[in-house]
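Could you take me through the terms used for this model and show what each one rests on? I would like every label set against its cut-off.

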Amino acid sequence: MTEGEPLIRWDWVAGHLDEIGQRLVEHVELTAIAVGIGFVIAFGLALLIIRRPRLESPITFVTGTLYTIPSLALFVLLIPYTGLSLLTAEIGLVSYTLLILIRNIVRGIRGVPADVLEAATGMGYTPRERLWRVEVPLALAVIIAGVRVATISTIGLVTVTALIGQGGFGYFILIGIQRFFSTELIVGAACSVALAIAADALLVLLQRRLTPWTRPA
Amino acid sequence: MPDRGATVEFREVTKRYADQIAVDRLSFTVPAGKICILVGPSGSGKTTSLKMVNRLIEPTAGAIFIDGHDVTQEEPTRLRRRIGYVIQQVGLFPHQTIAENVATVPVLLGWTKQRIASRVTELLALVGLDPARYAPRYPAQLSGGERQRAGVARALAAEPPVMLMDEPFGAVDPIVRERLQSELLRIQRELGTTVLFVTHDIDEAIRLGDRVAVMRGGKLVQYAPPGELLAHPANDFVAQFVGSDRGLKRLALLTVGGAEIDVTVDRGSLDPRAPVVRPSSTLRDALARMLESGSVIAAVVDGDRYVGALTLAKIGKMIRSDA
């Protein structure tokens, strides 16, 4: 770091609000695409596990293995195939959401009480109606808890995708390190953290809205 | 839909699992509009039998007919929408309000919003839940007894000709249970629904049943009205199951008006401690009153009019009689 520089130069922050806004949009987009696609894939795989419990071990094994690969290593492994692209970034980001999302969707649906399921079937719900009108709504609290964890960890991982040229708040961190400029570094880190906290708070609100029955009257 | 129950017939129904027979060639008919209680110790096959009616369990052999139609010939979900179903844990949907819960089958049947709303209000009132107060609540905000009332309302929503109840009052306290039992009788008489009701409680069976089917080890041991079951248990198992106090239990089914009343006894000559009983009281109540008062005779009074005297000896005769 340059001698005599203050830790944060507020004039730099004031002069770069436009860029901060642009990085915010990039960061949110990268995260939303990853969690969105991850959720669709995880939901399909979770339903498969519910229907065929034998598939639980292999699916958990594959998604668990993906989860253990260090993110930077995964991006590097993908570059020869998909280049420094959005696709490379999203393949990695989506992979990391699967384990937690599948686990929570399965746990949520399996947690629906047996008497509720028996009543639903006994009243004449078809299996499909029962899934969408009873099982999924009742699993919602646990499912959203999974989405929260996946979203926060994705927001963290998106900062790494700056290394493969995908922007987001990680870009500030990257440039800050290259130029020994602490202001940019701190802005990148602080914005990532703030975004994670804000996203989590929004999801908590969403969960409360979607599951009014869990609140005491 | 007709405002009356359907006939339910079990014909040689058998359910065999890999290592055991749960229900063994069960045959009996529940007449339309009657309450039939399936009673027996655990493992007797009563719940399995009940669940074969709405095809939650499929029989291995034999068939069940509702108004002459074989249930296995109908699509299971369509069949179930025409059969009310109440279970012990109630199984209300926790994420839906009481109104939404009660509306379950009408929604599945595609009723109009207006028709559903008026039906829900009518049903909540029928089961004794004030619609304005309870309709917008969630199940978690209700007591056990209130939840079971909502469960009954939900089962009756689409005016089913048959209602299946699997130990519905098993998890509520005795006082609430007794009230729910009386209300079930009132509602059933009002609607004329045929009810198949599973319990392991013989007192509940005698109180509620028009017919009682006693089961043991998957077999039907006796199928009779409660009075006959108490007067003539088919074998030692039934005698033991109904209890050594079956004579007393029978008195609860008989009224003072049905007993032999001595009209020659003048009221003035009665023991001054003699309790006053009504012709509509049960003999069991009359006996209790007499034992409490210390008198061996009771004055039977209908409205304001003295009818005659009831003696302990006549009550004893009723216990022994084959009536």
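The questions and answers below take the labels one by one.

Q: What makes a residue count here, and how are chains and residues labelled?
A: This is a predicted model, in which local features need pLDDT of at least 70 and side-chain atom pairs count only at pLDDT 80 or more, while totals for chains, interfaces and linings use all residues. Residues are numbered from 1 along each chain as its sequence is written, and chains are lettered from A and ligands numbered from 1 in the order in which they are written.

Q: Why is the largest set of 121 residues called a nonpolar core?
A: The term applies to buried Ala, Val, Leu, Ile, Met, Phe, Trp, Tyr and Cys residues joined through C-beta atoms within 7 Å. Buried means that 20 or more other C-beta atoms, placed from the backbone, lie within 10 Å of the residue's own (exposed: 12 or fewer; partly exposed: in between). The largest such set has 121 residues, and those with the most contacts inside it are I37(B), V102(B) and L196(B). Helix α5 (residues 86-110) of chain A gives the most to this core, with twelve residues. A second, separate core of 15 residues includes L287(B) and I315(B).

Q: What makes α7 of chain A a helix that falls short of a straight one?
A: Helices are DSSP runs of H or I with at least four residues, strands are runs of E with at least two, and both are numbered from the N terminus. The expected span is 1.5 Å times one less than the number of residues. Helix α7 (residues 127-160) of chain A has 34 residues, for which a straight helix would reach 50 Å, but its end C-alpha atoms are only 43 Å apart. There is also a bend of about 55° at L140(A), taken as the angle between axes fitted to the seven residues ending there and the seven starting there.

Q: How do you know that β7 and β8 of chain B pair?
A: Pairing requires that DSSP finds at least two bridges between two strands. Strand β7 (residues 162-166) and strand β8 (residues 194-199) of chain B have five bridges, in the parallel sense, and therefore meet the requirement. The bridge partner of M165(B) in β8(B) is F197(B).

Q: Why do β6 and β10 of chain B stand at the edges of their sheet?
A: The six strands form an open sheet of mixed pairing in the order β6-β7-β8-β3-β9-β10 (chain B). β6 (83-87) and β10 (219-224) of chain B each have a single partner strand, so one side of each is left without a neighbour in the sheet.
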